[in-house]
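Let us walk through this model one part at a time. Keep the structure open as you read.

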Amino acid sequence: MIRLSLIALVLSGAAALAAPPQKPAAPVAVASATAAPAAAAPALSQRLRLRPELNLARDLVTFGDLIPGLAGDAAATAAFRAPGLGETGTIQVARIVEAARGAGIIREASELESQGFAQVVVTRSARRITAADLEAAVKAGLQERFGVDARLFALAIDGGAPAVAVEPELTGDVAVLDLSFDARSRRVQARLAVPGSMAMRLKPLRISGQLVETVEVVVPKRSIARGETLTQADVAVERRPRDGQGTEILSDARAAIDKVARRALMAGAPLRSGDVQREEIVAKGDLVTIVYESRGLIITLRGRANEAGAMGDVVSVTNPQSKRVLQGKVSGPGRVSVQPSAAGRIASAN
C-alpha cells in the first residue's frame, strides 16, 4: 500500500501520512488551503462515524468521503491526497481526527467514532490497460503506417507488458504517438497514450518488442476434469506463438468437441491430440450384442468385447461359448455390427 499525503488545511501546516510498515515514509505533499475556509463545527445530535473503506475516482479525499452524513462546506473540504491511479493506501484514524479538529469539523476526538478500526483503506479507481490493448494499438499502427498485416503475429513485449492505469472515465482505445518498425528483424518500438489521460500525457508509455509468428490453437475455457466430455461452449480457438507448440497441437475446435478428456485439462493450455479421445461406449470385457443385418435378415448373438471402442470404432468380440472371434464396428452402446461378408463366420460362431 502506498503513502497518502495529508493536505494542509487552514489550521494545520503539514502532516505526514501513516506509512505501511513495508515502505519508508514518503515526503508530504502540501497543497494550498486558501480555496476553502475552515468548516464550522456542525451541531451534532450523535457521534460521527468513519467509513472503514473508500473507493474514489478523484485525487483528493474529502471529509465527506471519510464521514458519511456531512453536508455543505464541511463535506467538500479536502482532507488528504488519494493514492495513485489503481493503487490502495491507508490513513491512520489518529491523523483523520487531527485533521477534522483542525478543520473545525469536530471539537473533541470523542465526537468521531472509528468503530474499532485503526485506519481507513482508500482505493483509487482506474482503468487498467492490458497487454491486449497495447498489442491491438501497435498492430493497428503497423497496418496504417507500414502496411503490415499483423493478424498472423503476436507482439512479444520486452520484459512483459507494463502495468498501466488511467482515469476510470476514459473509454477510448490506446493511441500510437510514435512507431518504428524493422521489417527484417520484426522489431517494434512505440510510444503510446490514451486520449484525454492526464496521467499518460505527463508520462507517455514507451514499449519495445518483436512480432512473432502465431498459429491457431484450441484451448479450454475452463478447467476440465479427467473423463469429462467437452462441449462447444468449453473450448475456444486462439492464436499463440508458433515456437514450441509442437505438431500435435489441435487447431480445429471440432477435433475437441464431444471428446472425452484423457487427463485433467487446464484452462487456457493448448490442447494436444493425446489430451482427448472419443467417448468409449463399449468397454473392454463388456458383454455386447453382435448384430448382422442384410435384406430383412437379422442375426444376433452375445459376445464379449476384447477391446474398448467409441462410436464407429472397429473392435474384436468373442463368443464366450464357441470362442470364435469376430471383427465389428461399434454402432451403439453395447452393440457391435458386422459386415454382410461375415455372415458365414456369424453362423459358425453360434
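Start with the largest nonpolar core, which has 27 residues. Inside this core, Phe63, Leu66 and Ile105 have the most contacts. Several elements feed it: β3 (53-56), α1 (63-66), α2 (72-76), β5 (78-81), α3 and β8 (119-124) each supply at least two residues. The largest share, five residues, comes from α3. In soluble globular proteins, nonpolar side chains tend to be buried together.

Keep in mind that this is a predicted model. The protein chain averages a pLDDT of 83, and 84% of the residues score at least 70. Residues 1-41 are another matter: the pLDDT there is below 50. Even so, this stretch has 88 contacts in the model beyond near neighbours in sequence.

Now zoom in on Leu66. Which residues does Leu66 contact, leaving aside its neighbours within four places in sequence? The list is Arg49, Leu50, Arg51, Leu54, Val61, Ala79, Phe80, Ile91, Ile96 and Val120. Another core lies apart from the one just described. This other core has 26 residues, among them Leu134, Leu142, Ala150 and Val176.

Go back to helix α3, which spans residues 93-102. Its buried residues are Val93, Ile96, Val97, Ala99, Ala100 and Gly102. Ile96 also appears among the contacts of Leu66. After α3 comes Gly104, with a positive phi near 80°.

Next, the open sheet. It has three strands in the order β3-β8-β6, and the pairing is mixed. Why does one side of β3 and of β6 lack a neighbour in the sheet? Both strands stand at the edges with a single partner strand each, so one side of each is left free of a neighbour there. On average, neighbouring strands of this sheet are turned by 25° against each other, direction ignored. Helix α3 packs on the sheet and touches β6 and β8. The direction of α3 makes about 65° with that of β6.

Look at the pairings one by one. β3 and β8 run parallel, joined by four bridges. Glu53 stands opposite Val121 in β8, and Asn55 has Thr123 of β8 as its bridge partner. On the other hand, β6 (residues 88-92) pairs with β8 in the antiparallel sense, over five bridges. Here Gly89 has Val122 of β8 as its bridge partner.

Stay with β8 and follow its side chains. In a regular strand the side chains alternate between the two faces of the sheet. Which side chains of β8 are buried? Val120, Val122 and Arg124 point to one face and are buried. Gln119, Val121 and Thr123 point to the other face and are not buried. Val120 is also one of the contacts of Leu66.

Move on to the barrel. Five strands, β19-β20-β22-β23-β24, form a closed barrel with mixed pairing. From one strand to the next, the twist averages 50°. β19 (residues 287-294) and β20 (residues 297-305) run antiparallel, and eight bridges join them. Glu293 has Ile298 of β20 as its bridge partner.

Finally, step back to the whole chain. How many helices and strands does the protein chain have? It comes to six helices and 24 strands. Of its 350 residues, 39% count as buried. Among contacts between residues at least 6 apart in sequence, 57% join residues at least 24 apart. The protein chain exposes about 19100 Å², and carbon and sulfur atoms supply 50% of that area.

Notes: Residues numbered from 1 in each chain as written. Heavy atoms only, no water. Buried < 20%, exposed > 50% of the residue type's maximum accessible area, 1.4 Å probe, protein only. Core = buried A, V, L, I, M, F, W, Y, C linked by side-chain atoms within 4.5 Å. Contact = heavy atoms within 4.5 Å. pLDDT = per-residue confidence, 0-100. Pairing = 2+ DSSP bridges. Axes fitted to C-alpha atoms, helices over the stretch in contact; angles between N-to-C directions. Areas by Shrake-Rupley, 256 points an atom, 1.4 Å probe, with all protein chains shown as cover.
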